[in-house]
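Good morning, and thank you for joining this group meeting. Please look at the structure as I speak.

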Amino acid sequence: MKIDHIYIITINHTEDNYTDTLNRLNEIGLPTECTYEFYGVNGYELTSSDLEESGITLYPHWDLSNTTVDLGIRDTNNKFWHRPLTDGEIGVALSHLRIWEDAYENGYENILIFEDDIITYDGKFDWSVLDDIEALNYDLFYLGRFPQLGFEGVSDNPLEEYPHLCIPGYSYQAHAYMLSKNGITKIVENYLPILKNNLVPSDEFLPAIYNWTPREDLNTLFPGLIKAYGLTDFSKGVSQMRTEDYGNSMTMPND
């Protein structure tokens, strides 16, 4: 399988960050030679006027602590659901959105999307898996993710023919994934008109469009049309260096 283009999301446009990120990307390895670009929307620099001029509206019921609408949420303890969208979450979501639009306009067959904190803890990524996901006619393939097993009913479904692959259950993180042309088309044509009027974090949007999320309101907004796959042993995938648990995430709550 040929990768047409790599998008690397960052808001740190310094040569040091570019070099460091590319060095870590080389440690992960690539299946083929391909073009790449650094791209990112800095949510900390956006104003409400910027969003309005771009035709973007935040999902009004995202913050469960600030909505009177009964959304049928079965698990109300998730801290991410009890705060407004952060500036960082908005910027990251818009970065992914703009990338999907660009890939659609360019007619790419397969793209890789990385965030700039990617890292591997298990040597080079095993790119032979691309032959399998191509045979499965994939839309989206997670190179890295974090299953949200703390929610009732969340589980991966391994494939009998490809036991190293699964249909992923509800998972967070959008730091390393692939999209096929068909996946790009589905996202842009079926979901972006809705997402632009109801912006939510990328970590929540992706599982809604391929499977299920405990937030039933998002399942209704974004019915699952995407054929997604991930590694059964997700620890062998691509990880990331920044998370809220580490206190260094780019999507931390606003000060």
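Leaving aside neighbours within four places in sequence, Trp100 is in contact, meaning heavy atoms within 4.5 Å, with Ile113, Tyr177, Leu179, Ile184, Ile187, Val188, Leu192, Leu195, Phe205 and Leu206. I should state that this is a predicted model, in which local features need pLDDT of at least 70 and side-chain atom pairs count only at pLDDT 80 or more, while totals for chains, interfaces and linings use all residues. Residues are numbered from 1 along each chain as its sequence is written, and side-chain values use heavy atoms, with hydrogens and water left out.

Trp100 and Phe222 have the most contacts inside the largest nonpolar core, which has 47 residues. Such a core is a set of buried Ala, Val, Leu, Ile, Met, Phe, Trp, Tyr and Cys residues joined through side-chain atoms within 4.5 Å; buried means under 20% relative accessible area, with a 1.4 Å probe and protein chains only. Helix 3 (helices being DSSP runs of H or I, at least four residues, numbered from the N terminus) gives this core its largest share, seven residues.

How do helix 3 and helix 5 pack? Their angle is about 140°, and their axes are 10 Å apart; axes are lines fitted to C-alpha atoms over the stretch in contact, and angles run from 0 to 180 degrees between N-to-C directions. Helix 3 is therefore oblique to helix 5, a word for angles that are not under 35, over 145 or 65 to 115 degrees. Among the residues that meet are Leu97 and Trp100 in helix 3, and Ile184 and Leu192 in helix 5.

Methods: Buried means under 20% relative accessible area, exposed over 50%, partly exposed in between (1.4 Å probe, protein chains only). Helices (H or I, at least four residues) and strands (E, at least two) are DSSP runs, numbered from the N terminus.
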